[in-house]
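Open the model in a viewer and keep the selection panel at hand. The stops below go from the whole chain to single residues and then to the pockets.

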Amino acid sequence: MEIRINKSTLSLVEGDITRQDTEAIVNAANKSLLGGGGVDGAIHRAGGPKILEECIKIGGCETGEAVITTGGNLKAKYVIHTVGPVYRDGIHNESRFLENAYKNCLRLASSKGIKSIAFPSISTGAYRYPLAKAAEIALKTALDYLREHTDIELIRFVLFGSTALETYKEKLKELI
Ligand code: ADP
């Protein structure tokens, strides 16, 4: 599914974030930036040791913040690492932290002149954020960004599996 906002595109695809040809891909990292499972493990495996070397130098990342490294051996030139919230019960500012994670990735991309970016579904794996709730925040934040700015030409959500893709599609239809 793909929609146009001004001159930019927001697209939803099923796939593997490590194989994307966007200028930047986003990693759902943890605060240590030292790698982990899920998307994080896949990105470090596919991208090689340069990414981890830069992450070690950076030294960590707070929840809702974002940092940038090389893409190493990936097609993407950059990896933007962000840390989503661990979902507890929905009353510990999880939604604000998740929104900040997306926003800060987009701001950082913009500051580097990046025109295309691919996101995974942040926090919906090991961090247990309910998928439909997370999809709503992810899509709202991306739509707002594209409505207010024209520099980023493509935001692609790369969903792992058909359930995630369908959930994002349903939410996007509700929001436009
Ligand atoms: P978090 O700790 O932020 O929850 P995870 O990596 O555990 O991060 O999961 C985030 C989402 O990424 C989950 O929905 C998971 O299914 C998905 N995912 C896992 N591997 C990949 C991949 N290679 N490409 C895209 N999405 C992935």
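Helices (H or I, at least four residues) and strands (E, at least two) are taken here as DSSP runs, numbered from the N terminus. On that basis the chain of this predicted model has five helices and seven strands.

**Whole chain**

Colour by secondary structure and follow the chain from the N terminus: the elements run β-β-β-α-α-β-β-α-β-α-β-α. Next, show the C-alpha trace alone, which spans about 40 × 35 × 30 Å along its principal axes. The radius of gyration is 15 Å, which agrees with the value near 16 Å for a compact globule of 176 residues.

Switch on the surface. Its accessible area comes to about 8,400 Å², and carbon and sulfur atoms hold 49% of that. Of the 176 residues, 48% are buried. If contacts with a separation of 6 or more are drawn, 68% of them join residues 24 or more positions apart.

**Strands S4 and S5**

Select residues 66-70, strand S4, and pick out Thr69. Is Thr69 buried or exposed? Its relative accessible area is 2%, under the 20% limit, so Thr69 is buried. Show what surrounds Thr69: beyond its neighbours within four places in sequence, its contacts are Ile51, Glu54, Cys55, Ile58, Lys77, Tyr78, Val79 and His81. For a distance check, select Ser11 as well: Thr69 and Ser11 are 58 residues apart in sequence, and their C-alpha atoms are 24 Å apart in space.

From Thr69, step across to His81, one of its contacts. His81 sits in strand S5, residues 78-82. With 0% relative accessibility, His81 counts as buried. Which residues touch His81, leaving aside those within four places in sequence? They are Asn27, Ala29, Leu33, Ile51, Cys55, Cys61, Glu65, Ala66, Val67 and Thr69. Ile51 and Cys55 are thus among the contacts of His81 and also among those of Thr69. Add Leu106 to the selection: its C-alpha is 11 Å from that of His81, and the two are 25 residues apart in sequence.

**Two loops with positive phi**

Go from His81 to its contact Leu33, in the loop between strand S3 (24-28) and H1. Leu33 has a phi near 60°, a positive value in a residue other than glycine. Leu33 counts as buried, at 1% relative accessibility.

Now select the loop between strand S6 (116-119) and H4, where Ser123 is found. Arg128 lies in this loop between S6 and H4 as well. Arg128 is not a glycine, yet has a positive phi of about 60°. Is Arg128 buried or exposed? Its relative accessible area is 54%, over the 50% limit, so Arg128 is exposed. Ser123, by contrast, is buried, with a relative accessible area of 5%. Apart from neighbours within four places in sequence, Ser123 is in contact with Gly84, Pro85, Leu98, Arg128 and Tyr129.

**Largest pocket**

Rolling a probe the size of a water molecule over the atoms shows where empty space is left. The largest pocket holds about 580 Å³ of space. Its lining has 27 residues; centre the view on Ala28, Gly38, Val39, Ser121 and Gly125, which lie nearest the pocket centre. Two elements give two or more residues to this lining, helix H1 (38-47) and strand S7 (154-159). The largest share comes from H1, with four residues. Colour the lining by class to find 15 nonpolar, 10 polar and two charged residues.

**Second largest pocket**

Move on to the second largest pocket, with about 190 Å³ of space. Select Glu99, Lys103, Leu106, Arg107, Glu136, Ile137, Lys140, Thr141, Asp144, Tyr145, Glu148 and His149 to show its lining. Leu106, used above for the distance to His81, is one of these lining residues. Helix H3 (94-111) and helix H4 (131-148) are the elements that give two or more residues. Which element gives the most to this lining? H4 does, with seven residues. By class, the lining of the second largest pocket has three nonpolar, two polar and seven charged residues.

Technical notes:
Residues are numbered from 1 along each chain as its sequence is written. This is a predicted model: local features need pLDDT of at least 70, side-chain atom pairs count only at pLDDT 80 or more; totals for chains, interfaces and linings use all residues. Side-chain values use heavy atoms; hydrogens and water are left out. On a 1 Å grid over the protein atoms alone, a cavity is a set of points where a 1.4 Å probe fits but cannot get out, and a pocket is an open set with protein on both sides within 12 Å along at least five of seven lines; lining residues have an atom within 4 Å of a point. Grid points are joined across faces, edges and corners, and a volume is the space filled by probe spheres set on the points. Ala, Val, Leu, Ile, Met, Phe, Trp, Tyr, Cys and Pro count as nonpolar, Asp, Glu, Lys and Arg as charged, and the others, Gly among them, as polar. The radius of gyration is taken over C-alpha atoms; the globule rule is 2.2 Å times the number of residues to the power 0.38. Buried means under 20% relative accessible area, exposed over 50%, partly exposed in between (1.4 Å probe, protein chains only). Contact means heavy atoms within 4.5 Å. Accessible areas come from the Shrake-Rupley method with a 1.4 Å probe; for residues, only the protein chains shown count as cover.
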